[in-house]
Amino acid sequence: MTDSSRQTTTLPGPGKRWLPLLLFGVLGLAACSTSPPVRLHTLVAPVSEPSPDTARSIIAIEAVSVPPQVDRSALVIRRSASELEVLESDWWGAPLPEEIRSALTTRLNQPGEADGPIHAWIEVTRFEAAPDANAWLNANIRLVNRTKDASPRQLSCHLQLYQTTGADVTSIVLAQQANLDNLTERLRRAADTLVAGDARCPD
């Protein structure tokens, strides 16, 4: 005879029993693995007032290359004679070659200026910085004068630039901006020299 009033209690299976603990563990791991926010840095200087010098040459930056050690989104700094550190929370606003190209273009030419006869290729051979030390920028530059019947047609130079740095990342970025200011001035002088018919690198 069956007792219809009997009640049966079903115990939770292993999966249901451990589900809250598993969820708690997953949430804990997610919280521990949360990365700090990424800070974006740029080498492009703030827009300045148009230059009154209308005789300067317009220089089109055709291409920029950088060493493979620093050709990445994250900033790389030197920590010792044998150690480089990748700053995973500090990134360039654009790929480093494009950052440098944009930085030079905005320094050399005013917005809306047409393409000029002088075209430049920049091979950065050293782009390095150490906190509380120096930021270095070495580059081979090649300028070509595309004006019809221009002679000489091109000029090549090697430049070595550096600035002192502070302890933080911002000071390192600003030091490299200052290096690009100097590189801009050297490019202008080289372009004027080439337009004047001289293939020697200016001092």
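The following paragraphs lead through the fold of this chain, from its overall layout to its sheet, its helices, its disulfide and a few unusual backbone positions.

This is a predicted model, in which local features need pLDDT of at least 70 and side-chain atom pairs count only at pLDDT 80 or more, while totals for chains, interfaces and linings use all residues. Residues are numbered from 1 along each chain as its sequence is written, and side-chain values use heavy atoms, with hydrogens and water left out.

The chain has 3 helices and 7 strands, where helices (H or I, at least four residues) and strands (E, at least two) are DSSP runs numbered from the N terminus. Read from the N terminus on, these elements follow one another as α-β-β-β-β-α-β-β-β-α. Of the 203 residues of the chain, 34% count as buried, a class that means under 20% relative accessible area, with exposed meaning over 50% and partly exposed lying in between (1.4 Å probe, protein chains only). Among contacts in the chain with a separation of 6 or more, 67% come from residues 24 or more positions apart, a contact being defined by heavy atoms within 4.5 Å.

A good place to begin is the sheet. Here 4 strands form an open sheet in the order β2-β5-β6-β7, with mixed pairing; two strands are taken to pair if DSSP finds at least two bridges between them. Strands β2 and β7 stand at the edges and have a single partner strand each, so one side of each is left without a neighbour in the sheet. From one strand to the next the twist averages 25°, and for angles of this kind the axes are lines fitted to C-alpha atoms, for helices over the stretch in contact, with values running from 0 to 180 degrees between N-to-C directions. Within the sheet, β5 and strand β6 (residues 134–145) run antiparallel and are joined by 11 bridges; at one position of this pairing, E128 stands opposite W136 in β6.

Two helices can be placed relative to these strands. Helix α2 packs on the sheet, where it touches β2 and β5, and its direction makes about 160° with that of β2. Helix α3, in turn, lies across β2, β5, β6 and β7 and runs at about 25° to β6.

How far does α2 reach from its first C-alpha to its last? This helix, which covers residues 96–108 and has 13 residues, reaches 18 Å, close to the 18 Å expected at 1.5 Å a residue, the expected span being 1.5 Å times one less than the number of residues. The buried residues of α2 are L96, P97, E99, I100, A103, L104, R107 and L108. They cover an arc of only 165° around the axis, which puts them on the same side of α2; the arc is that of the directions from the helix axis to the C-beta atoms. An α-helix has 3.6 residues a turn, so residues three or four places apart point the same way. The cover over the buried residues of α2 includes β1 (39–41), β2 (59–65), β4 (84–92), β5 (118–129) and α3 (169–195).

In strand β4 one finds S89, which counts as buried at 17% relative accessibility. Leaving aside residues up to four places away in sequence, S89 touches P36, P37, V38 and R39.

The structure also holds a covalent cross-link. With a disulfide taken as a pair of cysteine sulfur atoms within 2.5 Å, the count comes to 1 disulfide, and this disulfide joins C157 to C201 with an S to S distance of 1.9 Å. The pair links distant parts of the chain, since C157 is in strand β7 (residues 154–164) and C201 is in the segment after α3, 44 residues apart. The torsion about the S-S bond of C157 and C201 is about -115°, so the disulfide is left-handed. C157 is buried, with a relative accessible area of 8%, whereas C201 is partly exposed at 34%.

Lastly, some loop positions deserve a look at their backbone. Most residues other than glycine have a negative phi, and most peptide bonds are trans. In the loop between β5 and β6 lies D132, a residue other than glycine whose phi is positive, near 55°, and which counts as exposed at 57% relative accessibility. The loop between β6 and β7 holds D149, which has a positive phi of about 65° although it is not a glycine and which counts as exposed at 69% relative accessibility. P152 is also found in the loop between β6 and β7, and the peptide bond from S151 to P152 is cis, with omega near 0°.
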